[in-house]
Amino acid sequence: MARFLGISGKINRVCFSTSSIIQTITKPSVLLVNHGYPPLFNAGSEVYTQTLAVRLNRSRKTSAVSIIAREQNPFRDDFIIRQTQDEHDSTIPIFLINHAREAPYQRFVNTDIDHCFKNLCQNLYPKPNIVHFGHLNHLSLTLPQSAKDILNAKVIYTLHDYWLMCPRGQFLINGVASTFINQKPYELCTGQEDKKCASKCFTSRFATGTTINKDREMDYWTWWINERMHTVRQACDTIDMFIAPSLHLQKRFIDEFGLPPEKVKYLPYGFDRSILSNRRRIRSLNDPLVFGYIGRHAPSKGINLLLEAAQQIVQTHPDLINRFSIVIYGRPDSTTTNYLQTMAKIAGILIEWRSEYKNSEIVERVFNQVDYIVVPSIWDENSPLVIHEAQQCRVPVITADHGGMSELVKDGVNGLIFTHRNVSSLAQVILQAIQQPDLLDKLSQHGYLYSNDKQVPSIESHVDQLIDLYSTLTKNHVEEQVNHLQPKPIESLSAPRRITFDTNPDDCNFSCIMCEQHSEHSPHQKARKEAKIRRRRMDFDIIKQVVAETASLGLQEIIPSTMGEPLMYRDAKGRTFEDIIKLCRDYNIKLNLTTNGSFFSPQGHSVTEWAHLLMPVLSDIKFSWNGSTKTTQELVMKNSKLDKQLKNLTEFIRIRDEYTDKGDNRVSITLQLTFMEINLPEIPEIVKLGISLGVDRIKGHHLWAHFKQIKDQNLRRSPESIHRWNQCVIECQNIARQYLLPTGKQIKLENFFELNEQSGPFTIHPQSVCPFLGKEAWINHSGRFDPCCAPDQERLSLGSFGNVQNSNETLMKIWTSDAYKNLINNYTKYSLCQNCNMRKPPELK
């Protein structure tokens, strides 16, 4: 087993814990794999991978996003894994495989890297069904196949360069540039051939130099390159789709490398436009023009061409020496930077060397300081990010007429073009910019060539297109999963741990709009009154009989009526709620109470009197609470008075805390609400209110829309309403993490989990489990056994199980009956259960 480093640096086994966000079956879970990741590495593929990861995660269209990359810490063991998180989004886990002692470009299959990758994939949750590679250099060409074998995932690869086609990655000859054979440094390579690669790039650098071994070494490197390219081909066969950010790159991989055209999708890079805004470049007409370079100090980037071009200008036009300057941005290179700086000093050019920057600071650190960006690369660049970034900020770009560079810049429109690898041509273009200062304003008017608004593609649109691609690739697989996934079997308790008694469902002093019985839209109470039917009130003897039967068998608590106001209970013989309290004391069971918070009752007790009566037996008390403002609360809970409810809640909490301080029973206090359109904007404020008052839990349920008048209050009715609900969930979770209760604990949020926006009928996870069957029981006012809390008419569709008032039936006989066992084993076949609001996703059982 691989070893892991936690954020603290202590070696341990990594814990792949998930947030409260639930993986819905049609949302892709994405694993991004790249050979580096910011801030350790800040080149193009690394910056793109980070931008993509953050946006994928924030899009809410993925169930999870995670990263696997490498680091190079020479003071730790190779292949140890360190877990950290993204610097911009701490919910994105990053797993860094240490690989400090390697020979780049030489080991293309790494069994140790593969072992680490497999170990990580086996433990990631939710299990990725999309693995998106950015680069495999420094990793292992076997990883795409591993992603298939371990995860059964679809594999995507974004082509950032030619590493798959060329063993050196850039089609530059990297062998020894011997002056004795007139071999110039970094000449362009016309194409990959095994023997040519061995001769030009490998044997001249990695051979012994002895004549006797020359042929043997040539044969070895020819074999090595053949083996490497064969392994690349195998990896490419495994990959389901390639992304080409430029048409030039797409064409080369199809025409020269032979990738099937249907497997190479052209998709330009997407950019976070928010960090590419508000450029403020202030300069007067006679100020020197500033030409900037951004990137690594590698020879392939052509910085020497820029310096030589500047030298030509000052030599041929010495009067212009103060009319321009050059700024070089980027991480110094131990091999090249000193030589470049020496070259600049000899040439007498005004050059400023500035350090690497965070990409989020590119406008302030770079584009506010320069007038032109120069991209002088000597290799066949793909689609440089810096060109896009400059164009978004309306900074003209000077670049070569070659590869993906010329695809982005049109001479005289949004920049200037020079002949590739030609110093004199570059010097002429820079000279043109200096001698024609008005040209700057003209070129700054036009940014990106391929959009009507001249803006580069946004990361949002880029991610949307990727999500569509992910969905297309996984569609059949997902549908198969949905058809086969079932919740885990319910393990029934020997007796119910909690029983709800519908003590007095017709008694209530409020008229909540969503209430099955008491809403102004409900026909039930009107029909009862017109028929002159007495209020339904449970005979206290039923409660006493059931409690006496089950108290010794595992019953822990009872819940009086959750329909209506239970404190108003009085049966035909005059027994009241106080008798229920006494029953709990006598049998040493707890009382779980839901109240509207008015504390209205036949006895006329105040909230203080009720609190003292209840406190010794309560486990939890739920106050119905459906708004943070007076308007919303009283509109949802008609006849309520928010000021009075708040006063009663505060008093009850005060007395609860007094009992707790004395070491007596500590009662949990909950605010309970129904999630609806009308109160959605106020739910985060309800969470804040609960925290400020010292409430232990906020519990909610999605609306049972019993009446057509409130159908549009259902947050599950459309992708748009589900999206707004999901945003609310995230906000509430962040509030709960940020603000702690007076006890120092985090408030509990129950049933605050995201729904799938594009799921159709699957608004709940198909493995969601019923929390009631085999655990709890319901007894209606007449003694009828009910299996759950669904609306009365709807739960009758689950079957008839018995009545505890019948002489030959008891609760335990019903509990162990074949009819009830059959429901427990087959509840997912019932339409009422299939999309029930109350079912719990796997992680929240």
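Which residues have the most contacts inside the largest nonpolar core? In this predicted model, they are Leu164, Phe291, Phe367, Tyr372, Ile373 and Ile398. The core itself has 149 residues. Apart from it lies another core, of 90 residues. Phe501, Ile669, Phe785 and Leu832 are among the members of that second core.

Ile373 illustrates the packing in the largest core. Leaving aside residues up to four places away in sequence, Ile373 touches Gly292, Ile294, Val366 and Phe367. Val386, Ala390, Val395, Pro396, Val397 and Ile398 are also touched by Ile373. Two of the residues named above, Phe367 and Ile398, thus appear again among these contacts.

Phe501, of the 90-residue core, belongs to strand S17, which spans residues 498-501. In a regular strand, side chains alternate between the two faces of the sheet. Both faces of S17 are covered. Arg498 and Thr500 are buried on one side. Ile499 and Phe501 are buried on the other.

Strand S17 pairs with two strands, S19 and S26. The pairing with S19 (residues 557-559) is parallel and runs over three bridges. Here Ile499 has Ile558 as its bridge partner. The pairing with S26 (residues 776-779) is also parallel, over four bridges. In S26, Ile779 is the bridge partner of Phe501.

A search of the whole structure finds zero disulfides. Cys166 is therefore unpaired: the nearest cysteine sulfur, that of Cys189, lies 6.3 Å away, whereas a disulfide requires sulfur atoms within 2.5 Å. Cys166 counts as buried, at 6% relative accessibility. Cys393 also counts as buried, at 6%.

Methods: Residues are numbered from 1 along each chain as its sequence is written. This is a predicted model: local features need pLDDT of at least 70, side-chain atom pairs count only at pLDDT 80 or more; totals for chains, interfaces and linings use all residues. Side-chain values use heavy atoms; hydrogens and water are left out. Buried means under 20% relative accessible area, exposed over 50%, partly exposed in between (1.4 Å probe, protein chains only). Two strands pair if DSSP finds at least two bridges between them. A nonpolar core is a set of buried Ala, Val, Leu, Ile, Met, Phe, Trp, Tyr and Cys residues joined through side-chain atoms within 4.5 Å. Contact means heavy atoms within 4.5 Å.
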